[in-house]
Amino acid sequence: MKIIRAETAGFCFGVRRAVDYVYKSIEEHRNERIYTLGPIIHNPQVVEDLASKGVKVLNNVDDIDDGLVIIRSHGAGPDVYERLKAKDLRFIDATCPYVARVHKKVEEYYRKGYQIIIAGEADHPEVIGTNGWCNNTAIIVNDVDEASRLPQLDKVCVVAQTTLNGSKWEDILKILLPKVNELQIFNTICYATSQRQEEALQIAKLSTAVIVIGGRNSSNTRKLYEICCKVCDRAFLIESADEIDNLSIKPDDVVGITAGASTPDGIIEEVITKMEELNKDAQQNIEEHVDEHPEQAPVEETVNDAGVSHGADNDNGRSDEVDFAKGLEETLVTYHVGQMVSGKVASVSDSEIIVSLGGKQDGVIPREEMGLDEGVSPSEVFHIDDDIEAQVKKTARNEEDNLILSRKPLLLRKAWAAIEDAYNTGNNITGVVKEVIKGGILLDVNGIDVFVPASHVSDRYVKDLNVLVGKEMEVKIIEITPKRRRAVGSHKAVIEQEKWQKEEEAWANIREGLRITGKVKNVTDFGAFVDIGGVDGLIHIGDLSWGRIKHPSEVVKPGDTVDVIVLSADKENKKLSLGLKQLQPQPWDYAMDKYKVGDIVRGKVVSITSFGAFVELEPGLEGLVHISQVANKRINKVEDVLKVGDEVQVKIMDVRPEEHRISLSIKEAQGDSDNNSEEKWSKAKADREEKNHSTSVSHQDDGGVTLGDIYPDMKDKF
Ligand code: SF4
């Protein structure tokens, strides 16, 4: 007897995951009730074992009031989740990611207005759950007859039960195509299922008897059995090794053994062990028989890799089949650690991404191998059907029988390539300050450490580098060691380049007469430096105000925003002279209108000479009080009566703007003042303020009044 064991026999990824969830929950929630919504898998032995550990199977959320609920790999409709939440029940969702993918498609197309058709068994829990995602409106067809009876339909989205037989799916589609105006087809048959069915078919073709192990209530086990029956007359479905004795297996049989996706490894091992024991017994019997009857000894046999034997002169077509099986085996892709693979995202969850590689095995990228930043959810970055590349991290079969893949080496390679590119092109690259180390900081640039020396952290001294930790920083790569993947960066170079660029741009636009807004950077004794967008210019003290000032700080202070005019620009030597007062009204331009002969106004003594005193009427406008006009009496020196800073009342005697001259008289103002009543003075002042307020010339009213204001009835005489 020869035994061919199917490689795909036993738990599929989704089932193993769900079963693991339950056993883990038993460990972690010892004092709690644990429920599964329906049997976790269609295997009586596993369900019994779980029951012995206290796990209860209930079909309805309404029957559960407390404890932990586990949704099995078949999934459930949205109403189940809603009811769990409404009852405030804690639950673990063990829905197989492949099934969850079908839910998403159905929900999406239902919302788009498509009629959903599910090819599968109407009473299968997976189909019932999937139907929930289109509000239970799906048409469910399980064979071509049911599909044929459908009327003409407009927009249809068709999906398959994940365990549907591939040829049945194709037959149903052939019927649907002419019946539907717009048909969206999603082949959602799970790869694990189709692979298992294909292998079962090939093994059954090579065998004289096939044993399918699994629960009789397991849909996928039954399908395997049906497939085997089609090509092998002696196919048997058993649930455990106890049933082997009832099978009519003969010593010269080639026995194929496969198992459903919900059959535990332990049960498969038991069956195989028992079959091998039977085989041994049979061999012994044959040997004893040959010893007694040497003429009946069998012809020498060769055994191929699959363990299938065939005679050297075999002419019954079996050798062709064996070659085919071998060929099939060879077409299956093998992987090695470090190999780059590409595929499509089959499902995304917080803990893993399943990658369909289009071959024998799927790949799993665990969360820690995704290369995502902390706090980033995988679903924000990866989407079902996205093309994805990764590197094989582990080929050894893990529990789920999938390859373990990692995006990290790929991302690191890409990150290093970007650093090399930045070095070669001089482009900037951004990272996050990871930590302060001796002599500088380490910048994390997409997983690669870039060293930034302290002297390159900024264009000025940074006292405490720790304040930068966790912050983004742009650097220029100034040195690399490709062999060791080491890079040195400079943020200072970035700042200097930005400054230089700004300066260049600013100088390109600067011209004499340009009016521009700038910011006062600092103030010195001789003027103020103003930044006009990358270039610093100087406003000399004489260009700050039309009036006399002792220090620039009387007009501006650092941080002030000021409108200035470019007085001169020396691009070659980068010298820029700016003016502030030039953008303000020149007092001599309006002096004639504002100051009339005979007006009495207030002013401030700003300088004293031997021939008189200069009185400032407003910034930039000074008049002379001749010594003879300082007082009503004769004086020897102006200083005998006045000192710098005195506020005085003066009468306008003469105004000559073109010569920048105003003649004033204190004596005359006093004479007039003596004749005035305080009341007249105040009234005239108020009238004047109102008049000044309405003038378009912008300057501060000095409060001066004219004789005309005081004696309006005599105005014409002045
Ligand atoms: S058969 Fe496929 S879809 Fe079903 S549970 Fe297993 S892996 Fe998931």
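Here are some questions and answers on the ligand and the cavity in this predicted model.

Biologist: How many cavities of 30 Å³ or more are there?
Modeller: The model is predicted. A cavity counts here at 30 Å³ or more. By this rule the count is 1.

Biologist: What is the volume of the largest cavity?
Modeller: The lining of the largest cavity has 24 residues. The closest to its centre are Cys 12, Val 15, Ser 73, Thr 163 and Asn 220. The volume of the largest cavity is about 300 Å³.

Biologist: Which elements give two or more residues to the lining of the largest cavity?
Modeller: By class, this lining has 10 nonpolar, 12 polar and 2 charged residues. The elements that give two or more of the lining residues are H1, H4, helix H8 (191–206) and helix H9 (219–231).

Biologist: Where does the ligand sit?
Modeller: Its surroundings include Cys 12, Gly 14, Val 15 and Cys 96. Tyr 98, Val 99, Thr 162, Cys 190 and Thr 193 also surround the ligand. Helix H1 (13–28) and helix H4 (97–111) each give two or more residues to this shell. The ligand sits in the largest cavity.

Biologist: How many charged residues are in the shell around the ligand?
Modeller: Sort the shell by class. Nonpolar residues number 6, and polar residues number 3. The count of charged residues in the shell is none.

Biologist: Why does the ligand lie between two domains, and which are they?
Modeller: Look at which domains supply the shell. Both of them give residues to it, so the ligand lies between them. The largest cavity also lies between them, because both give residues to its lining. The two are domain 1 (1–96 + 199–283) and domain 2 (98–189).

Conventions. Residues numbered from 1 in each chain as written. Predicted model: local features only at pLDDT ≥ 70, side-chain atom pairs only at ≥ 80, totals over all residues. Heavy atoms only, no water. Near = heavy atom within 4 Å. 1 Å grid on protein atoms, 1.4 Å probe; cavity = no way out; pocket = protein on both sides within 12 Å on 5 of 7 lines; lining within 4 Å. Sits in = over half its atoms within 2 Å of the grid points. Helix = DSSP H or I, 4+ residues; strand = E, 2+ residues; numbered from the N terminus. Nonpolar A, V, L, I, M, F, W, Y, C, P; charged D, E, K, R; others polar. Domains from an automatic or database assignment. Points joined across faces, edges and corners; volume = space filled by probe spheres on them.
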